[in-house]
Structure formats: C-alpha cells, structure tokens
Amino acid sequence: MIADVKSKIRDLLSDYKYKIELHTHTSPASSCSEIAPEELVRIYKNLGYDAVAVTNHFPCDRFGVTSTEDDIDRWLDDYNRAEAEGRRIGITVLFGAEFRTAESDNDYLAYGIGRDDLLPACQLLGKDVAAFCRRFKNDRNIFIQAHPFRNGITRADPALLDGVETYNVHPHHNARVGLAAKYARENNLPAIAGTDFHHHGHEGLAAIMARTLPKDSFELAALLKSGDYYMTVGGDIVLT
C-alpha cells in the first residue's frame, strides 16, 4: 500500500523534473568548506542535478562598514569560478549568500540578489536582523532562516522571514528537522530543503524539484516565492 502511494505521488509530480540544490559552500570563500568551486559544480553535475546554488557565508565578523569593492570581488571569485565551470559542463549555477548579522549566530539564506546588493549589505551587518531586513529586503529577493533549531540558534520574528530551511541535512549538526517543519507550518512560512554541503560524503542529500529551471538568482527567488516545487531528502519526496 505505501509503495503504491509513493508511486502515485511520483506519477503526479512527474513534470517537476528539475533538481536544484539550494545550500552549498565552497573554499576559500567559506573557510569551513573543503570543496573548490569547480569541484562543487562537477559533483552536482555527476549527481544529475540541473542547478546548484552557491551560498557562501557572508558574516558580520568578516564584512562590515569598512568593507571595499575589492573585498566583495575576492568573496565573489568562488561564485564566478563555479558559474564558469557550470557553463562549461552544462549545469546552472545560481547565486545566493548566507548572511549573519551582529545580533546573533543566526544564519539567513538570501536569493534574488546580485553583486550590487553586497556592499550595501555590508553596511547593515552590524545591526540587528530587523534593521537589516528593513533596508535589505525588496520585491525581488527572498530571505530565509537557515536551520532555525540548531544549537545556539534563535528563531527570528516570523514577520521578517520569507521562509524557513526546515530540512537542513548537514550531518555534523542536529537541525531538529521535525521541530523546524512544525515551526514553519504553525507560522505559515514556506519550507525549503538544503544539503548545506561543505565536505565530501554528504553531497546531494536534499533538493527541491521544480517544473521550470531558473536561469538566475532572481528567477530562483520567484520560484521559491511561488511555492510551486516539492522537496527531496535522501531521495524521498517531501511535499510542501
């Protein structure tokens, strides 16, 4: 019976054919990662993904009001290398960032952003997340709290958020995905899934499946806002 239900769900969603990873980190932009940008892209191409978002850390202890265009360019070099390799081998590389303000150790995934958003963001990282959102958020971007139930993390005001990363499957952290999913449902917040890929051995464990393939970060934000996708975790379907 369960196998029949799963088969029917897969048949129902067969037109959601594009597989997209939403949460990855590369080295050296994210010092916690051991994966070079070109290697990241080749890994996800070999796993059969259609797109991968590069969401390197953009924290207040590295960027701030004294940050320069050169600082931004050095951080962006990882994304640019990944995007070039993606074009070469045939996989879409999408731009994102994982912000952390001075208020707490909370992390926030942002999509629907570009290079021009980064220096203004530097001016806001020393503020609390409410002040950051008032100045940073706009109609084109989307702001999602990452792994909100990890140790040391507090939940942001739901009114500030466009969604919650309920299924974060980094194996070295307890994301308490059940609590995160319950929290998203109770606060009527869209849910996303991400591998939070840093190291060999846990690549491609979570994704969203979409009807259309976003060509850039802004189309990705629009897709996530639409809710027209479903999630996979470890290859199993999680409906949104």
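Select asparagine 188, which is placed in the loop between H6 and strand E9 (191-194). Helices (H or I, at least four residues) and strands (E, at least two) are DSSP runs, numbered from the N terminus. At 70% relative accessibility, asparagine 188 counts as exposed; here buried means under 20% relative accessible area, exposed over 50%, and partly exposed in between (1.4 Å probe, protein chains only). Asparagine 188 has a positive phi of about 55° although it is not a glycine.

The model in the viewer is predicted: local features need pLDDT of at least 70, side-chain atom pairs count only at pLDDT 80 or more, and totals for chains, interfaces and linings use all residues. Residues are numbered from 1 along each chain as its sequence is written, and side-chain values use heavy atoms, with hydrogens and water left out.

**Two further backbone stops**

Move next to arginine 176, in the loop between strand E8 (163-168) and helix H6 (177-186). Arginine 176 also has a positive phi, of about 50°, and is not a glycine. Its relative accessible area is 29%, so arginine 176 is partly exposed. Most residues other than glycine have a negative phi, and most peptide bonds are trans.

Then select serine 27 and proline 28. The peptide bond that leads from serine 27 to proline 28 is cis, with omega near 15°. Proline 28 belongs to the loop between strand E1 (18-21) and helix H2 (37-46).

**Strand E8**

Return to strand E8 and select threonine 166, which is placed there. Is threonine 166 buried or exposed? At 0% relative accessibility, threonine 166 counts as buried. Show its surroundings: not counting residues up to four places away in sequence, threonine 166 touches Val177, Ala180, Ala181, Ala184, Ala191, Ile192 and Met231, where contact means heavy atoms within 4.5 Å.

**Strand E5 and the loop after it**

Select alanine 97, in strand E5 (residues 97-100). Alanine 97 is buried, at 0% relative accessibility. Beyond residues up to four places away in sequence, alanine 97 touches Val54, Thr55, Asn56, Trp75, Tyr108, Leu109, Ala110 and Ile113. For a distance across the model, add aspartate 4: the C-alpha atoms of alanine 97 and aspartate 4 are separated by 40 Å, and the two are 93 residues apart along the chain.

Continue to threonine 101, in the loop between E5 and strand E6 (108-111). With a relative accessible area of 3%, threonine 101 is buried. Leaving aside its neighbours within four places in sequence, threonine 101 has contacts that include Cys60, Leu125, Lys127 and Phe132.

**The cysteines**

From threonine 101, follow the contact to Cys60. Cysteine 60 is partly exposed, with a relative accessible area of 28%. Why does cysteine 60 have no bond to cysteine 122? The sulfur of cysteine 122 is the closest cysteine sulfur to that of cysteine 60, yet it is 11 Å away, too far for a bond. A disulfide is a pair of cysteine sulfur atoms within 2.5 Å, and by this rule the count comes to zero. Cysteine 133 is likewise in no disulfide, and its nearest cysteine sulfur, that of cysteine 60, is 14 Å away. Cysteine 133 is buried, with a relative accessible area of 6%.

**Where distant parts of the sequence meet**

Select isoleucine 9, in helix H1 (residues 2-12). Isoleucine 9 has a relative accessible area of 24% and is partly exposed. Which residues does isoleucine 9 touch, not counting residues up to four places away in sequence? They are Ile237 and Leu239. Isoleucine 9 and leucine 239 are 230 residues apart in sequence and 9.3 Å apart in space, C-alpha to C-alpha.

**The whole chain**

Finally, zoom out. The protein chain has seven helices and 12 strands. Its radius of gyration is 17 Å, close to the 18 Å that the globule rule gives for 240 residues, so the chain is as compact as a globular protein of that length. The radius is taken over C-alpha atoms, and the rule is 2.2 Å times the number of residues to the power 0.38. The C-alpha atoms fill a box of roughly 60 × 45 × 35 Å, taken along the principal axes. Of the 240 residues, 50% count as buried. Residues 24 or more positions apart account for 70% of the contacts with a separation of 6 or more.
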